[in-house]
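Here's a quick briefing for anyone opening this one up for the first time. Have a look at the sequence and the structure, then work through the topics below.

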Amino acid sequence: MYAELESKQAFILHTRAFKENQLIIEFLVEGEGRLSIIASKGGKKNSARTALLQPFRPLTIKYKLGRGLHSLKSVELNSESADIRLKSKSLFCGFYLNEILCRLCKSDAQYDELFPLYNYALSHLQHSSEREVDSYTPMYLEAILRQFEYRLLVMLGYGISFDYDLHSDADIKANKYYELLAGSGFVFSTTPQRAIIGSDLIDIDVFLNTDLEIEKLSAHKLKLAKLILRACLHRHLGDKPLKSRELFRKA
């Protein structure tokens, strides 16, 4: 007999139809990770419940453990957390976060640090939605995604080191050039045309591992970080395209 768990904070990552009047919902659950949970559809008589079953809404759920799939017992808005209302490109970024979590994080695997990481990214996306659009807005969104990608890879054991040479174990030198090796780190390069200067790698390392400061963002270093992390992610995501990236192309 499976015991009912205590209430847990959660976000919805993805929802898909299951059997008649049922859904399979991919939840990100505090202290757990990604869980696949069966829920009944709200229906016209329970439109309030249906409205809750949406991405980016901070929820409190109760669920019963099962073999493979779990059963949702109750869901309500988490009154202790601010509601998230993403819009425009911040919304597209949110869908991107959800998709890579579903692709990279195994269901029922324990990821203690995943919920706070996701919450951190969502809070910045919410802040971006509330800010007046200016020249920093595109860089701010890029920075949120790059930090999330990097910290997710580290959490999953796929981290990349920006501070030492993989071959020699020597510290990265600001005035030397380095190439990315198989999406796992950098090695000294004698061909600057296809390499990255060490000072940029050092700055990217600092940016990825500290809290975001909008005024300190650099378009050049964000572009480099995107190229590096895109290569790292591709090793684990494979060739199947991300649907969320199509939203950016069409915008």
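**Quick tour**

Helix 4 (residues 137–155) packs against helix 5 (residues 198–208) at an angle of about 85°, and their axes sit 10 Å apart. Keep in mind that this is a predicted model. Besides that helix pair, we'll stop at an open sheet of 3 strands, a few individual residues, and the cysteines.

**The helix pair**

- With that angle, helix 4 counts as roughly perpendicular to helix 5.
- On the helix 4 side, the contact is made by Ala143, Arg146, Gln147, Tyr150 and Arg151.
- Helix 5 brings Asp205, Phe207 and Leu208 to the contact.
- Sorted by class, the contact between these helices has 4 nonpolar, 1 polar and 3 charged residues.

**The open sheet**

- What order do the 3 strands of the open sheet take? They go 7-6-8, and the pairing is antiparallel.
- Strand 7 and strand 8 (196–197) stand at the edges with a single partner strand each, so each has one side without a neighbour in the sheet.
- Strand 6 (177–181) pairs with strand 7 (residues 185–188) in the antiparallel sense, over 4 bridges.
- Looking across from strand 6 to strand 7, you'll find Glu179 opposite Val187.
- Strand 6 and strand 7 make a hairpin with 3 residues between the strands, and Ala182 in that hairpin takes a positive phi near 50°.
- Strand 6 is also joined to strand 8, by 2 bridges, and these two run antiparallel.
- Tyr178 has Ile196 of strand 8 as its bridge partner.

**Two loop residues with positive phi**

- As background, most residues other than glycine have a negative phi.
- Phe56 goes the other way, with a positive phi near 75°.
- You'll find Phe56 in the loop between helix 1 (47–52) and strand 4 (59–64).
- Is Phe56 buried or exposed? Phe56 is buried, because its relative accessible area is 4%, and the cut-off for buried is under 20%.
- Asp169 also has a positive phi, near 65°, and belongs to the loop between helix 4 and strand 6.
- Asp169 counts as exposed, because its relative accessibility is 56% and the cut-off for exposed is over 50%.

**A buried lysine**

- Lys8 is in strand 1 (residues 8–17).
- Its relative accessible area is 17%, so Lys8 is buried.
- Which residues does Lys8 touch, leaving aside those up to four places away in sequence? They are Val29, Glu30, Glu32, Leu59, Thr60, Ile61 and Tyr63.

**The cysteines**

- How many disulfides does the structure hold? The count is 0.
- For Cys105, the closest cysteine sulfur is in Cys102, 8.4 Å away, so the two are too far apart for a bond; the cut-off is within 2.5 Å.
- Cys105 is buried, with a relative accessible area of 2%.
- Cys232 is in no disulfide either, and the nearest cysteine sulfur to it, that of Cys105, is 16 Å away.
- Cys232 is buried too, at a relative accessible area of 1%.

Technical notes. Residues numbered from 1 in each chain as written. Predicted model: local features only at pLDDT ≥ 70, side-chain atom pairs only at ≥ 80, totals over all residues. Heavy atoms only, no water. Axes fitted to C-alpha atoms, helices over the stretch in contact; angles between N-to-C directions. Parallel < 35°, antiparallel > 145°, perpendicular 65-115°, else oblique. Contact = heavy atoms within 4.5 Å. Nonpolar A, V, L, I, M, F, W, Y, C, P; charged D, E, K, R; others polar. Buried < 20%, exposed > 50% of the residue type's maximum accessible area, 1.4 Å probe, protein only. Pairing = 2+ DSSP bridges.
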